[in-house]
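Biologist: Please take a close look at one part of this protein, the nonpolar core and what surrounds it. I would like to know which residues make it up and how they sit against one another.

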Amino acid sequence: MTFQVWGWRREASQVWAWVPDAEGGRGAVMPRRTPATKDPTAVERANLLNMAKLSIKGLIESALSFGRTLDSDYPPLQQFFVVMEHCLKHGLKVRKSFLSYNKTIWGPLELVEKLYPEAEEIGASVRDLPGLKTPLGRARAWLRLALMQKKMADYLRCLIIQRDLLSEFYEYHALMMEEEGAVIVGLLVGLNVIDANLCVKGEDLDSQVGVIDFSMYLKNEEDIGNKERNVQIAAILDQKNYVEELNRQLNSTVSSLHSRVDSLEKSNTKLIEELAIAKNNIIKLQEENHQLRSENKLILMKTQQHLEVTKVDVETELQTYKHSRQGLDEMYNEARRQLRDESQLRQDVENELAVQVSMKHEIELAMKLLEKDIHEKQDTLIGLRQQLEEVKAINIEMYQKLQGSEADLKEKNEIIARLEEKTNKITAAMRQLEQSDNDLLTQTRTIAMSLVKCASSDTQDQYKLVKDISF
């Protein structure tokens, strides 16, 4: 989390400049006065900033030695809340009420709910606490709950960014309206290494008197001699912040992987259902094929029986004609003609049966090829969907990195544009694959319709089979 402040700002009677700290860093933003006069409000802001530094630093150091889990009775923690209360009260506008004038910090803190949606829970918890009668007590409870959530820096950062809204509660020279407010918010990030266990319910926060105990922050010779220990503590805190940030990134990665696994499981279930439906259709087609074969065998047997009966009748008639020689030639010719017709009919039936068998084999082969093509297209669609999910994950990761680095904004925007173009290409490819599937279905129906036309002289059961295959 970074905060951008200005290095220089000139006014009528003062010049603002960076003041280096004890370790040679930039330190805080302090006013560099001209020898003419000193601005009392600037001195107040500088004093409050220094007190906030000492309070936060002392709280972190004592927490490291104390075990990092603090309760409400811990003196450095109490002094930290007192200092934060003074910082938030600096430059607060006086508001008129029916009975008197009041200055409370609950107004700007309550504004955080509108700027940061996650702060709605803490605001509702404060308003539901029993025993809080004053806005100041609710503000103190809000600060304690924000510290326990380790989001005080995030909440106040959203507040100081909206200076147009803060101007309704603070004067223009207030600490929250100037650069010192951004510096204090940056210092509050270090408190995320502290685990606070505070009991807000039942504590008298309305009547507490906020007095800063300066004796806790006066250094002696032993404190000066412990500079190396402070450097080690600072390094430990930096490592802790790095580990927490890495943990947050890993948690977001794990959540995205879980969502991706859920989507893959859903798609796998859908494919299994489609495969079961396809298998059922194949079983139905095999049963219909078996039924057609049995019907063909039955037709062939009936034809053979009919031919045998015809032969028996012809032989009987021949014997009869031999006994009675009258009209033998005519009846013999008629019998031969009927025999030829029956033989031709049998030949036509056999040819038609062979054609139907070949057409059935061609239909089975076409169905197998179509099924294979559909499976390949489905595999391609799955691969494209996986690529699309990966591209979306890369998009999200690049967008998160984009928020943390303003210097690489232009280059990352170009990367996002290329990724979006790749996403569009993948979507177009998916649409083309879907169109090709529709074309294959159309071709299948066309083939089936042609088969229906060819089989117009078949039996009703054969026409029903072709119709079921085509549609």
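Modeller: L159 is buried, with a relative accessible area of 1%. The model is a predicted one, and L159 has its place in helix 6 of it. Setting aside residues up to four places away in sequence, L159 touches P108, L111, V112, L115 and L166. L109 is 50 residues from L159 in sequence, yet their C-alpha atoms are 8.0 Å apart in space.

Helix 6 spans 152-161 and is one of the elements that give two or more residues to the largest nonpolar core. That core has 64 residues, and those with the most contacts inside it are L77, F80, W142, M152, Y170, L188 and L191. Besides helix 6, the elements giving two or more residues are helix 1 (40-66), helix 2 (75-89), helix 3 (106-115), helix 4 (120-128), helix 5 (135-149) and helix 8 (179-188). As a general point, nonpolar side chains in soluble globular proteins tend to be buried together.

M152 shows how some of these residues meet. Leaving out its neighbours within four places in sequence, M152 is in contact with F80, M84, L143, A146, L147 and L188. A second core of ten residues is separate from this one, and V391, I416, I426 and M430 are among its members.

Helix 8 is largely enclosed by the rest of the structure, because eight of its ten residues are buried. The buried ones are E179, E180, G181, A182, V183, I184, V185 and L188. Two glutamates, E179 and E180, are thus in the buried list, and so is L188, which also touches M152.

A charged residue is also buried in helix 5. R140 lies in that helix, and R140 counts as buried because its relative accessibility is 4%, below the 20% cut-off. The side chain of R140 makes a polar contact of 3.0 Å with the side chain of E85.

Between helix 5 and helix 6 there is a loop, and K150 lies in it. K150 is not a glycine, but its phi is positive, near 60°. At a relative accessible area of 24%, K150 is partly exposed.

Two cysteines can be added. C87 counts as buried at 2% relative accessibility, and C158 is buried as well, with a relative accessible area of 16%. A search of the whole structure finds zero disulfides.

For the setting of this part, the chain has 13 helices and seven strands. Of its 471 residues, 32% are buried. Among contacts between residues at least 6 apart in sequence, 69% join residues at least 24 apart. The accessible surface of the chain comes to about 30800 Å², and carbon and sulfur atoms account for 54% of it.

Elsewhere in the chain, an unreviewed UniProt entry lists residues 261-295 and 332-439 as "coiled-coil region". In the model, residues 261-295 are 100% helix and 0% strand, with the end C-alpha atoms 51 Å apart.

Conventions: Residues numbered from 1 in each chain as written. Predicted model: local features only at pLDDT ≥ 70, side-chain atom pairs only at ≥ 80, totals over all residues. Heavy atoms only, no water. Core = buried A, V, L, I, M, F, W, Y, C linked by side-chain atoms within 4.5 Å. Buried < 20%, exposed > 50% of the residue type's maximum accessible area, 1.4 Å probe, protein only. Helix = DSSP H or I, 4+ residues; strand = E, 2+ residues; numbered from the N terminus. Contact = heavy atoms within 4.5 Å. Polar contact = N/O pair within 3.5 Å; in protein donor to acceptor, adjacent residues only side chain to side chain. Areas by Shrake-Rupley, 256 points an atom, 1.4 Å probe, with all protein chains shown as cover. UniProt positions renumbered as here; feature names shortened; annotations may be inferred. Disulfide = S-S within 2.5 Å.
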